[in-house]
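Visitor: Could we go through this structure together? I have a few short questions.
Guide: Certainly; please begin wherever you like.

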Amino acid sequence: MLKSNLWKLLLSSAIVLWAVLSLVPIQDRDFPEFIVERVEVRQTEFLALMDEARSRHENQKAPSVFVALRDIANERQIDLATEFFPRIPLESSLRNVTKRNNLLLNHLLAESRGRLQLGLDLRGGVAFTLEVDESAVANLRDFEREEKLAKAISIISDRINGLGVAEPIVRAVGTNRIEVQLPGVNTRDNPDVLEAVRKPARLDFRVVHPFLSPATTPPGEEPIGYEVMTMEREGRRGEVIVDEFFVRRTWEMTGETVTRAFAVTDEMGRFQINLEFNSEGARRFAEVTREIARQSRELQQRTGNPNARALLAIVLDGRLYSAPGVTEEIGGGRAQITGQFTQREAVELANVLNNPLDLPLRVQEQYEVGPTLAAESISSGARAFLIGLACTVIFMIIAYTSAGVMAVIAMAINLVIVLGTLASIGATLTMPGIAALVLTIGMAVDSNILIFERIREERKLGKSLPAALEAGFEKAFSAILDGNLTTLITAAIMIFLGTGPVKGFGVTLAIGIFSTIFAALVVSRLFLSIAVHGGFAKKMTMINLLGATNFNFLRYARPAFIVSWAIVAVGVATVIYKGEAIYGKDFVGGDQVTLSFENRLDIAEINRVAANLGLTDVSVGYTQEIGSNIETLRLSTRFDDAAPLVNALLETHPEAGFRVLGESRVGPTVGKEIRNNALWAIAWSLVLILVYVAFRFEIGYGVGAVVCTIHDVLMTIGIFVLLDRQFNASMVGAILLIVGYSINDTIIVFDRIREELKLDPQAKLASVINRALNLTLTRTLVTSGTTLVTAIVLALVAGGEINDLAVTLIIGVIVGTFSTLFIASPVFYWWHRGDRDHVEKGHDVKPVYDWDVGGKVAGAKPIDNK
């Protein structure tokens with residue numbers, strides 16, 4: 001028994017251990033305490049350095065102990081890695097002490113941070129505002145300016161949120177600024193932490209003057225049209241050498257034609273960035289290098305030096321990174337940027353070059369932001385989630401006793417694997433991410449219930465517990481696999497077509513699907529096999545909640561279908577009638593007001609004042625300018641709602657001493673691109689699900705699944721709007737959750753219909769469908785019920801966006817359960833006109849028994865239906 005399960009035990013243990021290590025540390029640790037613990041040698045000398053750094057910070061000579069330690073080490077050229085952390089590997093080719101210290105301290109600072117960070121809505125973060133250089137857009141018309149600003153927003157979003165799991169906010173502020181809010185970042189220790197993400201990455205290729213240099217040119221004789229630029233390089237002993245060049249002010253070409261940038265090492269182990277151009281860029285780069293090669297030949301003739309070369313300046317964000325010599329035309333559409341790069345610098349530079357801006361931007365302000373959800377909402381939401389989870393655990397244990405306990409352990413392992421994987425890819429946990437986790441837990445519960453109900457059925461047939469266990473897993477396998485794979489199709493489309501929260505939801509969901517399959521088919525089976533085959537469990541008591549039901553679902557299908565689609569029609573009509581009014585400020589933008597105050601007012605109280613005015617779409621957050629102890633209050637509302645809210649606050653809370661510092665109109669945090677990508681993701685998911693289900697089952701099943709999913713999404717949206725609620729950013733995740741939930745639920749039932757068609761070759765199609773629905777009814781109601789309990793508790797105790805998310809889940813779960821029984825299967829039935837033969841023409845489901853062909857042993861195998 002142990003031998004057959006050894007590989008499962010070792011694999012499960014290894015994956016769980018990796019997941020746990022990926023989550024550690026769970027919370028941020030104090031950097032000074034952490035770095036003292038990490039010192040490997042010469043602890044006494046390092047403690048003296050730390051005391052000096054603390055003293056410098058306490059005397060306000062440095063903004064943090066981190067900065068003070070870095071400055072002391074760099075001033076005295078102390079190589080911290082060599083002296084105190086010799087076992088932390090740094091790049092062998094890097095000899096510059098300042099860069100080595102910066103690299104080491106940034107590495108240790110990152111290690112001191114919690115692996116899974118909370119999002120802006122739950123914890124806050126750091127924000128900065130980028131302002132457009134007016135000289136660059138002065139001659140542009142308004143629509144051209146708007147297009148360039150929108151493009152810049154998209155590029156910055158892609159740069160800092162490649163996987164869609166970082167969950168930043170990037171939006172327009174007014175007509176010439178972009179606000180970027182980053183979760184999970186603080187500048188308490190290192191104020192320079194934002195340098196890598198706020199670079200505009202404006203890449204220019206320019207010409208260096210071939211005959212003059214600043215070192216030899218007298219003052220007043222500088223060439224017209226050129227500027228002095230400096231470039232740092234590392235000497236043989238690690239010292240920094242600064243070279244000066246005259247670089248033409250105008251560029252020959254920009255980074256717009258770069259199709260790909262990636263970091264590599266040269267033959268000496270030094271990092272460089274390789275560039276690949278598109279066809280236009282390759283042509284232009286060849287022209288530019290041809291001209292510089294001509295200048296090289298002229299320079300060689302003038303100086304008599306055959307090694308003299310004219311230079312090509314590679315300038316990024318106004319800084320000269322490298323100036324390679326060019327002696328011949330460079331074709332092939334490739335180039336390199338060399339310089340004194342660390343690995344991290346090279347990777348970050350390649351990242352920003354893959355998303356270059358053609359709009360010059362400068363950092364206008366930088367500040368820390370508090371969580372957008374009130375502490376009361378966050379704590380109540382967490383409490384509700386735990387209560388719902390506890391209800392699920394209690395139910396599983398009561399309903400399935402010892403098997404339920406093992407299922408709960410497997411679900412906990414599933415959740416740890418998902419969170420560990422998210423932490424390993426640098427994900428940020430926000431409300432849409434929590435929505436994906438809720439779906440993952442629901443699918444995990446569903447998988448275990450499927451297995452347990454199958455085991456129960458096998459036991460009813462008189463099989464022993466070990467035989468029932470093996471048969472239960474075998475028969476549940478196809479349902480679990482197909483249900484998860486169809487949901488995985490949706491997740492894959494979200495990843496490839498989606499951006500922002502849509503892509504992030506897809507990544508989280510995909511991770512959850514793989515972990516659910518692993519937990520159900522490997523971990524749960526491992527526990528149950530050890531318990532049963534090892535003799536620890538002589539029996540497995542399971543409560544039959546509904547008993548043997550025999551409802552005629554198809555009898556009520558037609559009136560149920562008509563009524564439900566009538567509700568859908570009313571909801572869709574309401575959506576059309578309300579138009580843009582259904583969208584909150586996250587989708588359409590709104591007003592933002594900044595207030596100073598004398599006494600801090602709790603966010604929950606501000607939300608109550610807004611609610612009394614009938615304003616439900618309000619975001620409240622406190623900000624603090626970096627380097628300052630002064631806090632300000634920021635209110636974001638729908639257009640024209642800010643002024644009434646400010647007046648109400650002034651009237652109801654004069655003791656707060658509010659004073660308006662500034663007002664502006666901000667763009668949406670969920671732009672049209674994200675909204676459209678979500679719609680395209682859903683549309684393509686439906687198409688691919690139709691194809692997959694038609695291939696795995698039969699076309700009628702695919703039609704039923706697609707119609708059911710469309711019904712669920714439209715009805716959920718319609719009822720939500722009929723309840724006079726507005727769509728905000730978290731609703732993107734909620735709607736996508738409904739899609740995944742609906743598809744998974746439908747496929748489970750269809751798998752049972754397919755099986756029953758094989759088992760009962762003489763039954764009519766209506767009887768088979770009703771029997772399959774009754775056999776899966778317990779699973780359908782239990783899975784829906786466990787998810788519904790969590791959603792109801794959330795809706796009762798939480799407010800704001802969490803309440804909207806919970807209400808959407810309640811609607812979606814109820815609608816999804818209804819459609820599983822009265823939409824998906826009836827559509828399949830009507831597609832085939834109630835004729836079993838019509839199904840069998842499209843799919844080989846009719847079995848033939850050995851007694852039909854003179855065989856001795858009864859068995860089933862497919863035949864030609866003709």
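Visitor: Which helix gives the largest share of the nonpolar patch?
Guide: That is α19, with five residues. This is a predicted model, in which local features need pLDDT of at least 70 and side-chain atom pairs count only at pLDDT 80 or more, while totals for chains, interfaces and linings use all residues. Residues are numbered from 1 along each chain as its sequence is written, and side-chain values use heavy atoms, with hydrogens and water left out. Helices (H or I, at least four residues) and strands (E, at least two) are DSSP runs, numbered from the N terminus.

Visitor: Which residues make the patch?
Guide: Phe496, Leu497, Trp680, Trp684, Val687, Leu688 and Val691 form a nonpolar surface patch of about 730 Å². Patches are made of residues with over 30% relative accessible area and no salt bridge; like charges are joined within 9 Å, and nonpolar side chains (Val, Leu, Ile, Met, Phe, Trp, Tyr) within 5 Å. Accessible areas come from the Shrake-Rupley method with a 1.4 Å probe, and for residues only the protein chains shown count as cover. At least two patch residues each come from α13 (465-497) and α19 (672-696).

Visitor: And Phe496, is that buried or exposed?
Guide: Phe496, in helix α13, is exposed, with a relative accessible area of 70%. Buried means under 20% relative accessible area, exposed over 50%, and partly exposed in between (1.4 Å probe, protein chains only).

Visitor: What about the interior: how many residues are in the largest nonpolar core?
Guide: The largest nonpolar core has 122 residues, and Phe452, Phe727 and Ile753 have the most contacts inside it. Helix α21 (residues 729-759) gives the most to this core, 15 residues. Such a core is a set of buried Ala, Val, Leu, Ile, Met, Phe, Trp, Tyr and Cys residues joined through side-chain atoms within 4.5 Å.

Visitor: What does Ile753 touch?
Guide: Beyond its neighbours within four places in sequence, Ile753 is in contact (heavy atoms within 4.5 Å) with Tyr701, Val768, Ile769, Ala772, Ser825 and Phe828. A second, separate core has 28 residues, including Ile35 and Phe66.

Visitor: Changing topic, how many salt bridges are there?
Guide: The whole structure has 38 salt bridges, each a side-chain nitrogen of Lys or Arg within 4 Å of a carboxyl oxygen of Asp or Glu. One of them joins Arg525 and Glu470, with the closest N and O atoms 2.6 Å apart. This pair links distant parts of the chain, with Arg525 in helix α14 (residues 500-533) and Glu470 in helix α13, 55 residues apart.

Visitor: Which pair sits within one helix, in α17?
Guide: Glu605 and Arg608 lie three residues apart in helix α17 (residues 603-612), about one turn of the helix. Their closest N and O atoms are 3.2 Å apart in a salt bridge.

Visitor: Where is the cis peptide bond?
Guide: The bond from Val24 to Pro25 is cis, with omega near 0 degrees. Pro25 is in the loop between α1 (2-23) and α2 (31-38).

Visitor: Last one: where does pLDDT stay under 50?
Guide: It stays under 50 over residues 844-866, for which the model has 32 contacts beyond four places in sequence. The chain's mean pLDDT (the predictor's confidence in each residue, from 0 to 100) is 81, and 85% of its residues reach 70 or more.
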